[in-house]
Every structure is written in structure tokens, then in C-alpha cells.
Amino acid sequence: MQQVLQRLSQGLAALLTRRGLKARRLGLRLRFEDQSLVTRSLTLPEPSDGSDVFQEAAALLLQRVDVRGQGLKGLSLTLGGLAVPVDPDRQLDLFLPPQG
């Protein structure tokens, strides 16, 4: 299961990097053969687009779920709290209209 979490984390990190975004929350969804669904989520200490951060958080969430003896049908990761990183050194001009 760790390999699946690694692959999903890398895919999410690549997507966020391409779009110039960072995520503040990570969620784990597990669907079992009996169609039951278990979700767990956590808020990251700071917004991230790093696959290592996502994989570590997902592994933590997986530890919170007892999957022994149950047939796992699906596993997915979700992101929340998406934001564009702000450059702390950038000074905004009060009198110019926003560009875009």
C-alpha cells in the first residue's frame, strides 16, 4: 500500500507544481469490498506541494484506520485548502489596478 501512496503523492505534487498551487489539507479515502467508505484528513503545518510531505501525511492517516481482514477496493488522496503561494518580498502598489 505504501507504493500506491507514493505514486498518488507524486502525481498530486506534480499537478500542484504545474499549476503553481500549494495544499493545506490532505485527505485519505478508503473503499472496502462491502462498499463502506472511510475517510480521514489532516491539516498540514504549512501549505505544501511536496510529494514527501503528502506521502508522510497519508501514511499517518492510514495508521488511523484498521484495514486488517477487510478487502480494500479503492484508495484515493484528496487535497484541500488550495492556494497560490504569496511572495513575502513583493510589495503591492496601492494605486495601480490589479493586472490579469
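How much area does the protein expose, and what share of it do carbon and sulfur atoms supply? In this predicted model, the exposed area comes to about 7,200 Å², and carbon and sulfur atoms supply 51% of that area. Of the 100 residues of the protein, 25% count as buried.

The overall architecture is easy to follow. The protein holds 2 helices and 3 strands, and from the N terminus on these elements run α-β-β-α-β. Among contacts with a separation of 6 or more, 73% join residues that sit 24 or more positions apart.

Strand 1 and strand 2 are a good place to begin the tour. These two strands pair in the antiparallel sense over 8 bridges, and one of the partnerships places Leu26 opposite Leu42 of strand 2 as its bridge partner. Together the two strands form a hairpin with 4 residues between them. The loop between strand 1 and strand 2 is the place of Gln35, a residue with a positive phi of about 70° although it is not a glycine. With a relative accessibility of 43%, which lies between the 20% and 50% limits, Gln35 counts as partly exposed.

Attention now turns to the interior. The largest nonpolar core has 20 residues, and those touching the most other members are Leu5, Leu26, Leu28, Leu30, Phe54 and Leu77. Two or more residues of this core come from each of helix 1, strand 1, strand 2, helix 2 and strand 3.

Helix 2 deserves a closer look. This helix covers residues 51-63, and its 13 residues should span 18 Å at 1.5 Å a residue; the end C-alpha atoms are 18 Å apart, so the expected span and the model agree. Phe54, Ala57, Ala58, Ala59, Leu61 and Leu62 are the buried residues of helix 2. These buried residues pack against helix 1 (2-19), strand 1 (23-32), strand 2 (37-48) and strand 3 (72-80).

Two of the buried residues of helix 2 illustrate this packing. Leaving aside neighbours within four places in sequence, Phe54 is in contact with Ser9, Leu12, Ala13, Leu16, Ala23, Leu26, Leu44, Ser48, Asp49 and Leu79. Leu62, also found in helix 2, has a relative accessibility of 11% and counts as buried because this value is under 20%. With neighbours within four places again left out, the contacts of Leu62 are Met1, Gln2, Leu5, Leu28 and Leu30. Between Leu62 and Ser41, which are 21 residues apart along the chain, the C-alpha atoms are separated by 9.9 Å.

Which residues supply backbone atoms close to the polar side-chain atom of Ser9, at 2.8 Å and 3.2 Å? The backbone oxygen of Leu5 lies 2.8 Å from a polar atom of the Ser9 side chain, while the backbone nitrogen of Gln55 lies 3.2 Å from a polar atom of that side chain. Ser9 is found in helix 1 and, at 0% relative accessibility, counts as buried. Beyond its neighbours within four places in sequence, Ser9 is in contact with Ser51, Phe54, Gln55 and Leu77. Phe54 and Leu77 in that list are also among the core residues that touch the most other members.

Methods: Residues are numbered from 1 along each chain as its sequence is written. This is a predicted model: local features need pLDDT of at least 70, side-chain atom pairs count only at pLDDT 80 or more; totals for chains, interfaces and linings use all residues. Side-chain values use heavy atoms; hydrogens and water are left out. The expected span of a helix is 1.5 Å times one less than its number of residues. Buried means under 20% relative accessible area, exposed over 50%, partly exposed in between (1.4 Å probe, protein chains only). Contact means heavy atoms within 4.5 Å. A polar contact is a pair of N or O atoms within 3.5 Å; within protein, one must be able to donate a hydrogen and the other to accept it, and residues adjacent in sequence count only if both atoms are side-chain atoms. Two strands pair if DSSP finds at least two bridges between them. Accessible areas come from the Shrake-Rupley method with a 1.4 Å probe; for residues, only the protein chains shown count as cover. A nonpolar core is a set of buried Ala, Val, Leu, Ile, Met, Phe, Trp, Tyr and Cys residues joined through side-chain atoms within 4.5 Å.
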